[in-house]
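Welcome, and thanks for taking a look at this one. Please keep the structure open beside the text as you read the briefing below.

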Amino acid sequence: MTKDRKARFGIIGSAGLIGNYHADILTKGEGPYELTAVCDINESRVRNQADKFGIFGTTQVSELVGRDDVDAVIVATAHPLHAECVIAVVEAGKDVMTEKPLASTPADARGLVKAINRKRRIGGVHYQARTNPVVRKAREMIDSGELGKILSIRVTGSYYKSDFYYSLGGWRGMWKDEGGGVLINQAPHDIDTLCYLAAGSAPAELIGRWTNLYHETSQTEDFASAAGVFPNGVQFTLNVSVATHGDASRVEIFGTAGALTLQGGKFTRYVRFEQDLVDFARTYPGPDPYAKPGFHDQPLPEVGESDSSLIHKMFAEAVLTRKKSKMLVSAAEGLWSQELINAVYLSGYLGKKVKLPVSAARYDKMLADLIAGARQVNRPQRESEEGRIAT
Ligand SMILES: NC(=O)c1ccc[n+]([C@@H]2O[C@H](COP(=O)([O-])OP(=O)(O)OC[C@H]3O[C@@H](n4cnc5c(N)ncnc54)[C@H](O)[C@@H]3O)[C@@H](O)[C@H]2O)c1
């Protein structure tokens, strides 16, 4: 890599909530990158953005991806549009990082990963929770065997949203425009963390349920749950909702030597057992039928500061050095959570356990039926103060 060279980035969907977040990071100059072009179908907003940064702005994806001063592109449109945008970027010979989730459907997600590989481009997904040193430390502790054999991981996420939230976002909470609700929008970071910590893969099978408990301005689920198993035998349960409230999302890891809780992006509890649980189960001679190994709270593991632009720095390094391994979360890794999410939808719809990966054709049929049968929702046209809202 030339030491002073910078990766030149463009953004598609630049004028939306997360598009603006990426634009802010890329123009702060804290990494080996610069923002050279923005694209959004909202003409006035993209024009303002281009003027603000003194860079090229367009409403046409083809114009952005065709530019010589764009090496790589961040895709920040709503998820059903990710696949077509990613494919346009790699077909133009550029590298790409898409927003989470990879896409809405298995066909789109698998298709975009194939396109990245076919065009031999660097491709990633913006799962920035992976930059959290707590998540990385938890993975290190699992890999080192400190927690013993991992038996199960429990994920609980409450991301409460009002009806007003859904009435603002044209695509949010609509089967056709979003492809789902809490599972595909608010929960993916926690689901990616689950897949990363449990196995570094999608699960092998699961049974899922989802429903809309009370949101009248959303067609899609505001509550979802699942239980399943990863190929390495790690069991998991998932309970995520925009209807419940009161607790930051929590990932609890249960091993045979200890248990570790991550909550709200921090460690909140670490216990170690006096004897390995399997060992104890097999060797305890009696007579107490309720005997169990003692356990002790441990000091919470220490971690460094989090760096919110780490994922952008690593993407830029990958682009400049042509080393895919520098990408923090590759598009292929983005498939882990995508396959899980899509399997929960299909399992809940069919009312039975499913093996992963699920059939893309069966999934498309389910989604077409959900779109056709979706209830009308009352969504008065309103804008938040900023004209944008957070996921
Ligand atoms: N990583 C995170 O923490 C995080 C946070 C928020 C959103 N997201 C993800 O980012 C994506 C966008 O979410 P958002 O909340 O920013 O949505 P948003 O609606 O605020 O922004 C989407 C933008 O895309 C533009 N757009 C739509 N179609 C386009 C096209 N064909 N070409 C160019 N621009 C187009 C829209 O005009 C809008 O400005 C979603 O997939 C969401 O899940 C991720």
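## The nine-stranded sheet

In this predicted model, nine strands come together in an open sheet of mixed pairing, and their order is 14-13-12-11-7-10-9-8-15. Strand 14 and strand 15 (354–355) take the edge positions with one partner strand each, so one side of each has no neighbour in the sheet. The chain also holds an open sheet of six strands, and a domain assignment gives two domains. The points below go through these parts by topic.

**Pairing at the strand 14 end of the order**

- Strand 12 (residues 258–263) and strand 13 (residues 266–273) run antiparallel and are joined by six bridges.
- Two residues separate strand 12 and strand 13, which makes the pair a hairpin. Glycine 264 sits in the turn and has a positive phi of about 55 degrees.
- Within this pair, glutamine 263 is placed opposite lysine 266 of strand 13, and threonine 261 is placed opposite arginine 269 of strand 13.
- Strand 13 also pairs with strand 14 (residues 295–297), through three bridges and again in the antiparallel sense. Here phenylalanine 273 faces phenylalanine 295 of strand 14.

**Helices packed on the nine-stranded sheet**

- Helix 6 (residues 133–144) lies across strand 7 (150–158), strand 11 (250–255), strand 12 and strand 13. The direction of helix 6 makes about 165 degrees with strand 12.
- Helix 8 (residues 188–198) packs on the sheet as well, where it touches strand 7, strand 10 (235–241) and strand 11. Helix 8 runs at about 170 degrees to strand 7.

**The six-stranded sheet**

- The strands of this open sheet follow the order 3-2-1-4-5-6, and their pairing is parallel.
- Strand 3 (56–58) and strand 6 (123–126) are the edge strands, each paired on one side only.
- On average, and with direction ignored, neighbouring strands of this sheet are turned by 25 degrees against each other.
- Strand 1 (residues 7–12) is joined to strand 4 (residues 72–75) by four bridges, and the two run parallel. Isoleucine 12 is found opposite valine 75 of strand 4.
- Which strands does helix 10 (residues 310–321) lie across? They are strand 1, strand 2 (33–39), strand 4, strand 5 (95–99) and strand 6, and helix 10 runs at about 120 degrees to strand 1.

**Helix 11**

- Does the span of helix 11 (residues 331–350) agree or disagree with what its 20 residues should give at 1.5 Å a residue? The expected span is 28 Å and the end C-alpha atoms are 28 Å apart, so the two agree.
- Helix 11 nevertheless has a kink of about 25 degrees, centred on serine 337.
- Of the 20 residues of helix 11, 17 are buried, so the helix is mostly covered.
- Glycine 351 follows helix 11 and has a positive phi, near 70 degrees.

**Two domains and their contact**

- Domain 1 takes in 7–128 + 308–329, and domain 2 takes in 130–305 + 337–373, according to the domain assignment of the chain.
- The two C-alpha centres, of domain 1 and of domain 2, are 28 Å apart.
- Contact between the domains involves 19 residues of domain 1 and 22 residues of domain 2.
- On the side of domain 1 that touches domain 2, helix 5 (106–118) and helix 10 are the elements that give two or more residues. Helix 5 gives the most, with four residues.

**Backbone points to check**

- Most peptide bonds are trans, and most residues other than glycine have a negative phi.
- The bond between lysine 100 and proline 101 is a cis peptide bond, with omega about -15 degrees. Proline 101 belongs to the loop between strand 5 and helix 5.
- A cis peptide bond also runs from glycine 286 to proline 287, with omega near 15 degrees. Proline 287 is placed in the loop between helix 9 (277–283) and strand 14.
- Arginine 120 is not a glycine, yet has a positive phi of about 55 degrees. This residue is in the loop between helix 5 and strand 6. Arginine 120 has 10 other C-beta atoms within 10 Å and the limit for exposed is 12 or fewer, so arginine 120 is exposed.
- Arginine 322, also not a glycine, has a positive phi of about 60 degrees and is part of the loop between helix 10 and helix 11. Arginine 322 counts as exposed because 11 C-beta neighbours lie inside 10 Å.

Key. Residues are numbered from 1 along each chain as its sequence is written. This is a predicted model: local features need pLDDT of at least 70, side-chain atom pairs count only at pLDDT 80 or more; totals for chains, interfaces and linings use all residues. Two strands pair if DSSP finds at least two bridges between them. Axes are lines fitted to C-alpha atoms, for helices over the stretch in contact, and angles run from 0 to 180 degrees between N-to-C directions. Two residues are in contact if their C-beta atoms, placed from the backbone, lie within 7 Å. The expected span of a helix is 1.5 Å times one less than its number of residues. The bend at a residue is the angle between axes fitted to the seven residues ending there and the seven starting there. Domain bounds come from an automatic or database domain assignment.
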